[in-house]
Amino acid sequence: MRRQLRIAVDIGGTFTDGIVEDAGTGGIWVGKCLTTPDDPGRGVSTVVAQMLAQIGEGAAAEVVEVVHATTLVTNTIIERRGARTGLVLTTGTRDVCDIARELRYDLYDLDLELPAPLVPHEQRFELNERVGADGGVVQPIDTAELDRVIAAIRSQKLDAVAICFLHSYLRPEHEQQVADAIRAVLPDMLVSVSAQIAAEPREYERMSTVAANAYVQPLMVRYLEALAGRLRDANIGGVLRIMLSSGGFTSVEAAAQNPIQLLESGPAAGVISATNTGADAGLRNVLAFDMGGTTAKACVVRDGEALVKYGFETARVRRFKRGSGLPILIPSIDLIEIGAGGGSIASINRVGTLAVGPESSSSVPGPACYGLGGEDATVTDADLMLGYLNPDRFLGGEMKLHKDHAERALARLGDKLGKAAAETAWGICSVVNEAMASAARVHIAEHGHDPRSFSMVATGGAGPVHAVDVARRLRLARVLCPIAVGAGSCLGLLASTARVDRTWAHRSLLAETDWAEAAAALGRLREDGLAELAGGGAAESDVGWLVGVNMRYLGQGHDVEVSLPYAAFTGDVASLVEREFVARYKHIYGLIVPDAPIEIVTWRLTGRPPRDRRSFTWAEARGGAGSAPIARRPIYLPFSGGFAEAPVYDRYALAPGTQLAGPLILEERESTIVVAQPAEVSILPNLTVQIDLQSKSKQ
Amino acid sequence: MSQKIDPFALEIIWTRLISIVDEAATTFVRTAFSSLAREANDYAVVITDAVGQAVAQSSVSIPSFTGTVPATIRYFLKRFPAETLQEGDVLITNDPWMGTGHVHDITIATPVFWRGTLVAFAGITSHMPDIGGRLRSSGIREIYEEGLQIPMLKLVEAGRTNSVIVDFIAQNVRVPEATMGDVWGEVAACHKVSERLHELLDETEVAFPDLSREIRARSEAAMREAIRQLPSGEYRYDIEHDGFEDKILIRACIKVAEESMHIDFTGTSPQLPRAVNVVPNYTSAYTIYGIKAMICPDIPNNQGSSVPVSIFAPEGCILNPRYPAPGGARGMIGHLLPVAVMGALSAAAPDRVWAPGSGNSALTIAGQHHGRPYAGVYFWNAGQGASQKRDGLSVISFPSNLSNTAIEQMEASVPIRVRHREIRRGSGGAGAHRGGDGLKFAFRFIGDSPAVCSFIMTRMKIAPPGLQGGEAGLPGRVTIDGKTTNIVEHIVLQPGSEVVIETAGGGGFGAPA
């Protein structure tokens, strides 16, 4: 049988990573190059060519599918490089983007900077039209006035237009009428319609979302066309799929229509990869933990599914401050992000204790140990000082680390607290690990779960260095470190499937819900979603449909989502839905509100084929099998409060089935797995490293 | 024997304490029925030590509660001395003088025992969905009109709920499920704090009194250091407000002496038989907030950071009223305190102050439409003052932090049709830097029967003044069917009425060019 290859390429901020998979065996080849911001597609071509060359002659013809994630949408918004965009609005709402929610994201900051809207005031146009809160037309559109608005749009020489009218999620016809009229006069204009991009109430957030979609659309349409052309030129015949923030992928056509959904495609793929690593080891409750140079991310995966949320914020003025960005209403993997990475800078704060991050040393001069003139003590300096990193094998030996520089920087900082360099290093490490554990603890608790029922999957350059200690603080029993840690999100792209999400914003009391009407609405959403799924390569018979009902006690402001199979929605299912709601509410909050009426706020429909557990391994065996340490070096052991010799292994020299006991260090090109406490370490059949913590150590 | 806590261990435990109160706060907000709790963070979760000294406070709580919950816990301790408290007790009150200044906030506290000893308290206060009485308005003359008063009581004693208290509250409020839902949500938040605190103490074995002392001492030292950066001296500022029959004066005299600060409000207007009186807890909360925002925004809130600041307001003045003065709209006057502090200290630190702007106004509307009851509370923010560095912010909440409500959500909840939500251009005062502009919001009332409305409007007569030569902004204005109205009492809105609300612009900073 002919071999079938699947390609995944992820354009990140620094590197463009790729993985090719032999779909029959799960064997993988990896590629990497620096991201090419001037023409991001060039990096994709480079990486693909690199990988196909490894595989050999004729590989291009064997490619059946290319799955792609990119930071291009996010960067376009952060760097404000998007299109000249117009916004057509209901009369009276032209200032809504400036007024936003009237909140200060920092109560104590008197120099607060607010995020500027993507569409400037002079490119916003008001039109007299009105739909009421019941969905009825209050004021129809006057075509003569519409013509004048279109003339104004034409005279402004805009590249894209977004339309957002009040209550359009109940009645999209007015937005559609205006979109049709604009396209009739200006056939090349890209038009985004709010009811199609985010059919949900709250005009500011919907306006912000549709404006962002229009803002990135011209660039993304050109980019995706060019990318398809490059793949054709390289004689790669497979179909191109685009990853979404929701953790599923879609067709190029759908992505071009709705590019704002690509916002968090890379991080979403990373979480899918962690989900798959867990599934492959038989674990369905996983905390995906990723730590890179400037940030750490975490996401809860429960029963094999990553949590998804329906509101998101982009282009924050202050990266780690909730409320300082532009709201975007798209389904998005529910990641938390904190300012803790290898480059995070340690300092003494105003109350005389140690603070780490969120400020980060950039790559030049970088941490003190880079020896490039950096003076700040960072997390990487601490890791080096504690013996966790090998100064000669950082990034596979490409960058030599200088322990003397690290020690000087740490001693300088420690002096202020009367601490030696090594003590200071452990102080930094424990403060940053506790910060990550605290953030994860709150995130897990918000969803009503107990951290102890989770296993951690660690990725990113600094993830495996810190994972075991973070897991210990969270009382997690097990940590998994998959292969290809530097290109982890590509494995997620390969493990993902097509996915569509649709929303029906329709409020009703549970007791007064018209179930026939709801079933009809869900049926329409399903029809609409099927067409898009077909474009993503999913066969109708494979697709599973899940209905999410967002509910609350009448009068509350936050909702709880109850998830039920689509097939359950036949006839009056009020009692089933109520039971599910009460159970879910009680699980999260520990109590219910007796006698309070229950309200349904929003309906959501998700469709996708089942995601099979995928087992990836190196296509070509690496290193020799052997379980002897390659070295021994002193590392800091927190439970004994001092340094002791620990064995160091070459991770990929260890054969599946190998069993080792911590403390130990496993080195690989992209990262280092640090086990600085008693633990059982096993190499799984797919070369994932499994660490089982023994819970006798204390802080 | 007290132990010295290592600064690294301290940082870790401190982070944990703040994450404990934040986690409890998040859980509370998600279940809250009170729109003020969730839209406006009108709540605070606090951990105190066994004598009621604050050690950690939830990060996003609004300034009105800085230090009020620990003060309430100290009052609880007077009523229920430590030796009378036991595992499973839940304390409750909404006494304005011992709490936050109005009966709408219910404070709950639970003692935390560890290995048999009282080591801490978990406390929370939150604005209730309803507390009975008249709709909140500034025109109320006595506390008895404002709603149910809950003295200091044990809602739960050793795990057994006192159902008499529950029945009493439920009988006296308009929405008993929602109000009691929030009370039990507060209790759940305290239990969450307790549970997490146990985990922390079990893991670290740290002695809580030592921990409390260390955290407070470091915060106090940081606050003293920040005060030391200001030139010592005496600084004065007067700020006026609309008032009712007469205008209201806030007179602040701040003495900065090396590393401490004393604020004296002598000369401030007397208390009024209107709901704008500010109890000392609230006076203190907003005064300290103004100082912290100016000189040390990044120090965590706890007892230590307020020690170097003392505050005096003569008894009987509007900042220290006698019972039964009402205080439901206390924010109208309390919100002036941060700008009073900044006005006074503008001579000492001109680069760190804002000119006065305007606090928020509010509208409560209730009635029946298509035979169904509805009710809504909405906030109107205004323009803020300019600073030496830049123009004032337009239409933003300060010093509170109340969000607006989406037009689409308002129209789905109450029978109004919004005509516009706009920036009131040109309303900010002129100056080297201009004051921020206010809001212009207009709607048509489309209910099928009249609605009862209560407007709590601020800065309608006296506009926010400028600072250092900057000019005043425009005062706010409300018109109904084209007629300007100054509303203090409740009014009845007729179907078809057109309402236009304009909020004040902020003051300018520095003489205009």
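Visitor: At about what angle does helix 7 (residues 280–295) of chain B run to strand 11 of chain B?
Guide: Helices (H or I, at least four residues) and strands (E, at least two) are DSSP runs, numbered from the N terminus. Angles run from 0 to 180 degrees between the N-to-C directions of axes, which are lines fitted to C-alpha atoms, for helices over the stretch in contact. Helix 7 of chain B lies across strand 10 (260–264) and strand 11 of chain B, and to strand 11 its angle is about 135 degrees.

Visitor: Before we go on, what kind of model is this?
Guide: Residues are numbered from 1 along each chain as its sequence is written, while chains are lettered from A and ligands numbered from 1 in the order in which they are written. Local features need pLDDT of at least 70, side-chain atom pairs count only at pLDDT 80 or more, and totals for chains, interfaces and linings use all residues, since this model is predicted.

Visitor: Back to chain B: in the sheet with the order 8-9-10-11, which strands stand at the edges?
Guide: This is an open sheet of 4 strands with mixed pairing, where two strands pair if DSSP finds at least two bridges between them. Neighbouring strands here are turned by 15 degrees against each other on average, direction ignored. Two strands have a single partner strand each, so one side of each is left without a neighbour in the sheet: they are strand 8 (233–241) and strand 11 (309–312) of chain B.

Visitor: Which residue in strand 9 of chain B stands opposite B:Gly233?
Guide: Strand 8 of chain B pairs with strand 9 (residues 248–257) of chain B over 9 bridges, in the antiparallel sense. Opposite B:Gly233, in strand 9 of chain B, stands B:Val256.

Visitor: And in the sheet of chain B with the order 13-12-16-19, by how many degrees are neighbouring strands turned against each other on average?
Guide: That one is an open sheet of 4 strands too, with antiparallel pairing. Strand 13 (372–380) and strand 19 (491–493) of chain B each have a single partner strand, so they stand at the edges with one side left without a neighbour in the sheet. Direction ignored, the average turn between neighbouring strands is 25 degrees.

Visitor: What is the bridge partner of B:Leu363 in strand 16 of chain B?
Guide: Strand 12 (residues 361–369) and strand 16 (residues 451–456) of chain B run antiparallel and are joined by 5 bridges. In strand 16 of chain B, the partner of B:Leu363 is B:Phe455.

Visitor: Is B:Ala432 buried, exposed or partly exposed?
Guide: B:Ala432 sits in the loop between strand 14 (416–424) and strand 15 (438–445) of chain B. Leaving aside neighbours within four places in sequence, its contacts (C-beta atoms, placed from the backbone, within 7 Å) are B:Phe509, B:Gly510, B:Ala511, B:Pro512 and B:Ala513. A residue is buried if 20 or more other C-beta atoms lie within 10 Å of its own, exposed if 12 or fewer, and partly exposed in between, with C-beta atoms placed from the backbone. Because B:Ala432 has 17 other C-beta atoms within 10 Å, it counts as partly exposed.

Visitor: How many C-beta neighbours does A:Pro629 have inside 10 Å?
Guide: A:Pro629 is in the loop between strand 30 (617–618) and strand 31 (631–637) of chain A. Not counting residues up to four places away in sequence, A:Pro629 touches A:Pro647, A:Val648 and A:Tyr649. A:Pro629 counts as partly exposed because its number of C-beta neighbours inside 10 Å is 16.

Visitor: How far apart are the centres of domain 1 and domain 2 of chain B?
Guide: Domain bounds come from an automatic or database domain assignment, which for chain B gives domain 1 (7–220) and domain 2 (354–513). Taken over C-alpha atoms, the centres of domain 1 and domain 2 of chain B are separated by 32 Å.

Visitor: How do helix 11 and helix 12 of chain A lie to each other, roughly parallel or roughly perpendicular?
Guide: The axes of helix 11 (residues 403–415) and helix 12 of chain A come within 8 Å and cross at roughly 85 degrees. Angles under 35 degrees count as roughly parallel, over 145 as roughly antiparallel, 65 to 115 as roughly perpendicular and the rest as oblique. So helix 11 of chain A is, to helix 12 of chain A, roughly perpendicular.

Visitor: Which helix gives the largest share of the side of chain A that touches chain B?
Guide: The contact takes 51 residues from chain A and 62 residues from chain B. Helix 3 (96–99), helix 7 (203–233) and helix 12 (421–446) of chain A each supply at least two residues of chain A's side. The largest share, 10 residues, comes from chain A's helix 12.

Methods:
Two residues are in contact if their C-beta atoms, placed from the backbone, lie within 7 Å.
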